[in-house]
Amino acid sequence: MDMRILKCTVNGSQVQVGFDPRESLLDTLRNRPNLTSVKRGCEVGECGACTVLIDGIATDSCLYLTEWAQGKTILTTEGLQAPDGTLNPVQQAFIDEFAVQCGFCIPGIIMSAVAMLNTGKTYTRDEIRKELSGHLCRCTGYENIVNAVEKAVDAVHNVAGATE
C-alpha cells in the first residue's frame with residue numbers, strides 16, 4: 001500500500017499523519033488524531049455530519065480527499081473550545097437554546113454556524129435555514145438550532161460592536 005504523509009494544521013496544531021491516498025479526510029481525522037466529532041453519516045455529502053472548516057470554509061469531509069488537505073488549516077469542534085475551557089459562542093448558544101438532542105449531527109451544524117459567524121454578516125432566519133439546509137437532523141424540528149445560530153450571531157456582533 002502506498003502511504004503518504006499529510007502535513008497540515010488541525011485545531012491550531014501542526015500535524016503529520018500517514019494516510020492512504022484513496023482515503024477521505026473524514027477517515028483520516030477520525031482514525032489518526034481521533035477527532036470523533038467528525039461523524040460518518042451518509043458518506044455522499046448529503047447529511048452534513050462530517051462538516052469541518054478547511055481554510056475557513058465549511059466542507060463535507062467525506063467528499064474531500066486527505067491529499068487535498070496538504071498545507072491547509074482544518075478546524076473541528078474539538079478546536080473551538082478556548083484553552084481555559086470556555087466554549088465558543090456557537091457551542092454555548094446551542095446549549096442555551098436546547099439545540100442538542102442525540103448530538104450526532106450537531107458538530108457538523110456547529111461548524112457550519114461557525115463559518116457563518118466568521119463572515120461577519122448578519123443573517124435572517126430564512127438565510128440561516130438556507131445555510132444549514134445541507135444538514136439533516138432526525139431529532140429536532142430545527143427551530144432550536146436556528147434560534148441558537150441567531151443567538152450566536154447576535155452575541156458575536158454585540159461583542160464586536162462593544163469593542164469598536
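Here is a student–tutor chat about the fold, one helix and a few chosen residues of this predicted model.

Student: Let's start with the layout. In what order do the elements of the chain run from the N terminus on?
Tutor: The chain holds five helices and five strands. As for their order, reading from the N terminus gives β-β-α-β-β-β-α-α-α-α.

Student: What radius of gyration does the chain have, set against a compact globule with 164 residues?
Tutor: The C-alpha atoms fill a box of roughly 50 × 35 × 25 Å along the principal axes. For 164 residues, a compact globule would come out near 15 Å, and the chain agrees with that, at 16 Å.

Student: How much of the chain is buried, as a share of its 164 residues?
Tutor: Start with the outside: the chain exposes about 8600 Å², with carbon and sulfur atoms supplying 51% of that area. For the inside, the cut-off for buried is under 20% relative accessible area. Of the 164 residues, the buried share is 41%.

Student: And what share of the contacts between residues at least 6 apart in sequence joins residues at least 24 apart?
Tutor: Take the contacts in the chain whose partners are at least 6 apart in sequence, then keep those at least 24 apart. That leaves 53%.

Student: On to α3. Is α3 largely enclosed by the rest of the structure or largely open?
Tutor: Helix α3 covers residues 106–118 and reaches 18 Å from its first C-alpha to its last, close to the 18 Å expected at 1.5 Å a residue. Its buried residues include I106, I109, M111, V114 and L117. Twelve of its 13 residues are buried, so α3 is largely enclosed.

Student: Which residue with a positive phi follows α3?
Tutor: Look just past the end of the helix, which spans residues 106–118. The phi there is positive, near 80°, and the residue is G120.

Student: S112 sits in α3 too. Which residues does S112 touch, leaving out those up to four places away in sequence?
Tutor: S112 has a relative accessible area of 8%, so it counts as buried. With sequence neighbours up to four places away left out, S112 touches T51, A58, L132 and H135.

Student: What about E23: is it buried or exposed?
Tutor: E23 lies in the loop between β2 (13–19) and α1 (25–31). Its relative accessibility is 11%, and since the cut-off is under 20%, E23 counts as buried.

Student: Which residue's side chain makes a polar contact with the side chain of E23?
Tutor: Beyond four places in sequence, E23 touches T28, R32, L65 and T66. One of these has a side chain joined to that of E23 by a polar contact of 3.0 Å: R32.

Student: How many disulfides are there in the whole structure?
Tutor: A disulfide needs two cysteine sulfur atoms within 2.5 Å. A search of the whole structure turns up zero.

Student: Then how far is the nearest cysteine sulfur from that of C137?
Tutor: C8 is in no disulfide, and its nearest cysteine sulfur, that of C50, is 16 Å away. C137 isn't in one either; its nearest cysteine sulfur belongs to C105, at a distance of 3.5 Å.

Student: Is C137 buried or exposed?
Tutor: C8 is buried at 2% relative accessibility. For C137 the value is 12%, so C137 counts as buried.

Student: Which residue in the loop between β3 (51–54) and β4 (57–60) is partly exposed, at 44% relative accessible area?
Tutor: The residue in question has a positive phi of about 50° although it isn't a glycine. Its place is in the loop between β3 and β4. With 44% relative accessible area, the partly exposed residue is D55.

Student: And F98, what is its phi?
Tutor: F98 is in the loop between α2 (89–96) and α3. Its relative accessible area is 63%, so F98 is exposed. F98 isn't a glycine, yet its phi is positive, at about 55°.

Student: Last one: what separates the C-alpha atoms of S133 and F104?
Tutor: S133 is in the loop between α4 (125–131) and α5 (143–163), and at 54% relative accessibility it counts as exposed. S133 and F104 are 29 residues apart along the chain, and their C-alpha atoms are separated by 16 Å.

Methods. Residues are numbered from 1 along each chain as its sequence is written. This is a predicted model: local features need pLDDT of at least 70, side-chain atom pairs count only at pLDDT 80 or more; totals for chains, interfaces and linings use all residues. Side-chain values use heavy atoms; hydrogens and water are left out. Helices (H or I, at least four residues) and strands (E, at least two) are DSSP runs, numbered from the N terminus. Buried means under 20% relative accessible area, exposed over 50%, partly exposed in between (1.4 Å probe, protein chains only). A polar contact is a pair of N or O atoms within 3.5 Å; within protein, one must be able to donate a hydrogen and the other to accept it, and residues adjacent in sequence count only if both atoms are side-chain atoms. Contact means heavy atoms within 4.5 Å. The radius of gyration is taken over C-alpha atoms; the globule rule is 2.2 Å times the number of residues to the power 0.38. Accessible areas come from the Shrake-Rupley method with a 1.4 Å probe; for residues, only the protein chains shown count as cover. The expected span of a helix is 1.5 Å times one less than its number of residues.
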